[in-house]
Amino acid sequence: MSKTICRVGLVGTEFMGKAHANAFGQAGRFFNLARPVRITAVAARDETKTREFAKRWSIDRPMARWEDLVVDPDIDLVDIATPNFLHAPLALAALKAGKHVACEKPLAVDLETARSMRDAAKKSKAKTFVWFNYRRCPAVALAHQLLRNHRLGEIRHIRAQYLQSWGGPKIPLTWRFKKRLAGSGAHGDLNAHMIDMARFLSGDEIKEIHGAVGRTFVKKRSVPGGQKSARSEVDDSFSFLATMAQGATASFESSRLAPGHLNGNRMEINGEHGSIRFSFEDMNVLEFFDAKDKKKEAGWRRIMVTDQAEHPYVGAWWPEGHVVGYEHAFTNQVSDMMRVLASKKPVIPLADFHDAYQTQRVLEAALISARDGCRVKMTTVK
Ligand SMILES: NC(=O)c1ccc[n+]([C@@H]2O[C@H](COP(=O)([O-])OP(=O)(O)OC[C@H]3O[C@@H](n4cnc5c(N)ncnc54)[C@H](O)[C@@H]3O)[C@@H](O)[C@H]2O)c1
């Protein structure tokens, strides 16, 4: 194990700030890390909250300004858990200062900005990572292994859905509803995960978008802290159809207005020899249909992905049947990032800025398709 500790500077202290702080804190307690890691500094917008966060998570240095954190000589990796519009300025400054960067998804608010991040990463010797955390749910990692072992054969259909219900009219106009700050709505927020998962699981790329539709159902929202309301500038739901380079068809559906769905991240892949399906709300299970089974006994297998000897990542956690949760995929990602920083292979591939840029291209192509009502070949979106 490399003895030098990887000193992390975290920016952002709310939802993802907590998920990341927990993951960096827990990783060394459960995994034999390839490189030890510790969050040593944190910054966010509100100084008082940042100090409280630092105290709660035992982080030595709360800092008032992210501009100081990203160039601090005592930071090795900058971890970005801020609204989307800040991903690029933070990442570009950190890469310029020679820091490794772990950035939340979507990579950027638009393709041009994502391109500048990809190019900066290419020029740098530092490593980049993107928090596509769902890849590291043990069931999704197992699906990846089954697909790499050709258990499904040629892939015919990919069916991806990410449905939530929190975005009703009572939710105020936070950064998530402003185009300049978020890029898009359910599309960039939720479809980003599903495009990544489709590309990652299939090992294939999207070739063409055949049609897309986005809708803003809640047109106005209250401005936080005031009496006024203002226009919501992003989609509440967004769907599109695509084909993959190797011929499979793919559908993607995202919504923040689907009652009954809380964090309905669901993926089904049908191939010539079988199918897999995953639903995050039952995240310890992977369903697998093997078309080679005798007809008499054929049916969906419900694989409880909790075997410490057999299933990816589970060896670091609990005995079989003692299930893991949302936070574990983030901790699994920290372990893999430390493997990469120690020149070892991650358990399953990690997304870097180049990879996340490919996902951003698909997000952009679908937006063009919805705007112009046309088919979009991916070769035209660079
Ligand atoms: N991987 C996932 O599953 C997942 C889930 C939710 C959110 N996200 C992504 O994580 C990112 C953050 O989302 P969130 O839900 O934690 O947002 P949030 O609004 O809950 O928190 C944002 C944080 O950024 C800080 N911040 C805002 N402006 C700042 C500034 N100018 N300078 C310094 N700090 C600033 C805030 O103080 C806050 O701590 C987004 O990119 C989002 O898309 C990813």
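Where does H8 bend by about 35°? The tour comes to that residue after a short stop at the ligand.

This is a predicted model, in which local features need pLDDT of at least 70, side-chain atom pairs count only at pLDDT 80 or more, and totals for chains, interfaces and linings use all residues. Residues are numbered from 1 along each chain as its sequence is written.

Select the ligand first. Around the ligand are 22 residues, the closest being Glu 14, Phe 15, Met 16, Ala 44 and Glu 104 (a residue counts if its C-beta atom, placed from the backbone, lies within 6 Å). Helix H1, residues 15–30, gives this shell its largest share, 3 residues (helices are DSSP runs of H or I, at least four residues, numbered from the N terminus).

Next, select helix H8, whose 17 residues reach 23 Å from the first C-alpha to the last, close to the 24 Å expected at 1.5 Å a residue (that is, 1.5 Å times one less than the number of residues). The bend of about 35° is at Ala 192, taken as the angle between axes fitted to the seven residues ending there and the seven starting there. Just after H8, Gly 203 takes a positive phi of about 70°.

Finally, add helix H6, residues 138–148, whose axis comes within 8 Å of that of H8, residues 186–202, and crosses it at roughly 40° (axes are lines fitted to C-alpha atoms over the stretch in contact, and angles run from 0 to 180 degrees between N-to-C directions). On the H6 side the contact is made by Val 140, Ala 143, His 144 and Leu 147, and on the H8 side by Met 197, Phe 200, Leu 201 and Ser 202 (C-beta atoms, placed from the backbone, within 7 Å).

Conventions: Helix = DSSP H or I, 4+ residues; strand = E, 2+ residues; numbered from the N terminus. Contact = placed C-beta atoms within 7 Å.
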